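User: I should like a close look at a single part of this structure, followed outward to the elements around it. Please explain each term when it is introduced.

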Amino acid sequence: MKKFFAFSAILMAFAFTSCDNYLDINQDPNSPSEDAITTDMLFPAAEMNLAGSYGDFLRICGGYYAQHYSQTFGTSNYLDYSQFTMSATRSSSTYTQLNARVLGNLKTVREKAIAAEDYATNLAATALWAFTYQVLVDCYGELPYTEAFTGNPTPSYNDGADIYAGVIAELEEAKAQPLNSQSCVNFLFPGKSASDWQAFANAVLFKLYMRESGVVDVQAKLDALVAEDNFPGDVAYTNWTNESGHMSPFFAEEFSSAWGSTQINVIGNVAIIRTMQQYNADGDIVFTDGRLAKFFATNTAGNYTGGVSGTNFSTAEGDQKSSAYWNRPVASYNMPVYLITESEIEFFLAEYYAKKGNAAQAQAHYNAAIEASFESAGADGAADVIARYPYSQGSYKENIGIAKWVALAGTNNFEAWCEMRRLGYPTFGSVTGSQLYNETSHAYTPDNYVAGTLYTPIQVNGNLGAGKILQRFPYAESSSTRNSNAPTQTEAVYGTPVFWAK
């Protein structure tokens with residue numbers, strides 16, 4: 001299996017230090033003149049800001065919304081996420097970073113690359129441009145696109161479907177250009193290979209096509225892309241160093257005292273823990289997914305528990321009152337920030353063939369997706385999972401949806417939340433969070449949980465209601481507050497699907 005990893009030992013501070021540490025020729029008087037700015041200066045800055053937001057904030061909130069994560073005892077930093085909510089303020093800085101410091105820099109890179117007929121750099125920048133817009137649409141549904149970066153202080157908001165169509169056209173055009181240069185200095189493919197960027201561009205297009213395939217006829221495009229058969233392996237930023245400001249962003253935020261992390265917030269959720277490790281009526285373990293130990297650490301007693309969404313156990317008694325009772329995600333200073341994995345591509349291929357009625361090919365790619373997930377995790381036991389959860393053409397969405405949800409628990413929690421909304425799996429079971437943990441009696445009853453299901457959090461977001469997954473973020477404060485063209489948005493937004501989930 002091909003592995004594409006980035007060398008990112010320098011310039012990490014673009015993403016994680018002060019707000020002034022990015023290249024913005026329109027705002028920073030200390031920056032070089034516009035003519036002196038080169039694509040080799042701007043591109044790595046855009047990449048590190050993308051890695052910083054995608055690998056930290058979006059990983060964390062996506063993990064809570066996907067019920068991979070829950071909130072530990074005694075802290076409340078992310079309690080609102082575990083109750084399926086998001087405020088306009090909470091996502092505002094991430095929205096700004098992805099716009100000004102990622103898309104803004106990439107826009108300049110693309111313009112300079114086209115002017116220099118450096119089509120390889122243009123393809124690379126356009127692939128990340130499309131990827132970033134996909135992330136923003138999948139969060140907010142609508143945002144400025146056609147009038148963005150034009151100097152208009154009140155740009156109009158475009159519908160997500162139109163933004164998808166726009167960035168797809170841009171990426172298709174960039175891909176069609178002759179790649180007569182390999183001059184792009186970057187962290188994702190440091191060997192500067194244009195062929196690597198072509199494969200990544202195909203992966204981005206594949207995801208965009210599959211996301212919109214339920215509401216837009218993209219069959220011919222999907223057929224051509226699959227026939228081209230040029231997809232990458234795992235694509236990630238890695239090789240972070242064990243220094244403040246240079247660590248992988250999720251680790252720096254949640255685990256590094258050097259970065260200032262003093263609270264234990266994120267723990268494993270009973271939903272994912274009890275799906276990956278199952279018990280019989282006598283309390284004996286009957287199944288353990290080999291990836292579990294790669295995704296979550298055991299507690300101090302060497303066991304797996306699983307927190308409950310919607311509470312921080314702040315009034316709990318007994319074992320639950322100790323953070324040592326719960327399971328933390330496995331993390332390290334050099335953990336990859338995955339943009340896409342081979343497993344995700346294989347799951348998309350399985351779905352593609354399932355929709356065409358080719359059960360044999362769908363099953364082959366479903367199995368390959370699980371095997372790729374195990375290989376990425378460095379775990380054994382893929383055959384056991386395939387045998388326990390075999391592919392069925394008649395229930396392909398359920399098979400793929402749940403298997404993908406598990407696979408992404410250790411690599412890309414944000415994308416898990418997106419795919420859950422699109423595929424509709426896992427679904428909500430009959431058990432609620434209050435039946436897993438009683439805040440009055442402090443009774444913790446994880447045996448009530450049914451593997452492969454979701455549950456309504458304790459004190460769930462009242463604007464969303466029971467048995468519903470959060471569908472989108474409210475518009476970011478930094479985007480909408482002073483923009484008279486921002487659409488009116490009510491509290492009902494939480495349950496309003498983005499265009500590809502309608």
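Analyst: Leaving aside its neighbours within four places in sequence, Trp-417 is in contact (heavy atoms within 4.5 Å) with Gly-62, Tyr-65, Ala-66, Asp-138, Ile-469, Leu-470, Gln-471, Arg-472 and Phe-473. The model is predicted, so local features need pLDDT of at least 70 and side-chain atom pairs count only at pLDDT 80 or more, while totals for chains, interfaces and linings use all residues. Residues are numbered from 1 along each chain as its sequence is written, and side-chain values use heavy atoms, with hydrogens and water left out.

Trp-417 is found in helix H16, which covers residues 413-423. Helices (H or I, at least four residues) and strands (E, at least two) are DSSP runs, numbered from the N terminus. Is Trp-417 buried or exposed? Trp-417 counts as buried because its relative accessible area is 0%; buried means under 20% relative accessible area, exposed over 50%, and partly exposed in between, with a 1.4 Å probe and protein chains only. A polar atom of the Trp-417 side chain also lies 2.9 Å from the backbone oxygen of Leu-470. This is a polar contact, a pair of N or O atoms within 3.5 Å; within protein, one must be able to donate a hydrogen and the other to accept it, and residues adjacent in sequence count only if both atoms are side-chain atoms.

One of the residues in contact with Trp-417 is Phe-473, and Phe-473 is among the residues with the most contacts inside the largest nonpolar core, a group that also includes Leu-58 and Trp-405. That core has 146 residues. Its largest share, 14 residues, comes from helix H5 (residues 119-140). A nonpolar core is a set of buried Ala, Val, Leu, Ile, Met, Phe, Trp, Tyr and Cys residues joined through side-chain atoms within 4.5 Å. Not counting residues up to four places away in sequence, Leu-58 touches Ser-53, Leu-98, Val-135, Cys-139, Phe-414 and Phe-473. Phe-473 is thus shared by the contacts of Leu-58 and of Trp-417.

H5 may now be considered by itself. Of its 22 residues, 22 are buried. The expected span of a helix is 1.5 Å times one less than its number of residues. For the 22 residues of H5 this gives 32 Å, and the end C-alpha atoms are 31 Å apart, which agrees. Just after H5, Gly-141 takes a positive phi of about 85 degrees. In the loop between H4 and H5 lies Glu-117, a residue other than glycine whose phi is also positive, near 55 degrees. Glu-117 counts as partly exposed because its relative accessibility is 48%.

Trp-405 leads to a second buried site. The side chain of His-68 reaches the backbone oxygen of Trp-405 at 2.9 Å. His-68 lies in the loop between helix H2 (39-65) and strand E2 (69-71), and at 0% relative accessibility it counts as buried. Outside the four nearest places in sequence, the residues in contact with His-68 include Ile-267, Asn-269, Phe-296, Trp-405, Asn-413 and Ala-416.

Trp-405 is also one of the buried residues of H15. Helix H15 (residues 396-407) has 12 residues and reaches 16 Å from its first C-alpha to its last, close to the 16 Å expected. Of these 12 residues, 10 are buried, and what covers the buried ones includes H16 together with helix H12 (342-355) and helix H13 (359-377).

H16 also takes part in an enclosed space. A cavity is a set of points, on a 1 Å grid over the protein atoms alone, where a 1.4 Å probe fits but cannot get out; lining residues have an atom within 4 Å of a point. Grid points are joined across faces, edges and corners, and a volume is the space filled by probe spheres set on the points. The whole structure has 4 cavities of 30 Å³ or more, and the largest has a volume of about 90 Å³. Of its 13 lining residues, the closest to its centre are Tyr-54, Gly-55, Arg-59, Val-337 and Thr-411. H2, strand E9 (337-340) and H16 each supply at least two lining residues, and H2 gives the most, with 3.

Finally, in the loop between H16 and helix H17 (477-480) is Pro-426, which a cis peptide bond, with omega about 0 degrees, joins to Tyr-425.

Notes: 1 Å grid on protein atoms, 1.4 Å probe; cavity = no way out; pocket = protein on both sides within 12 Å on 5 of 7 lines; lining within 4 Å.
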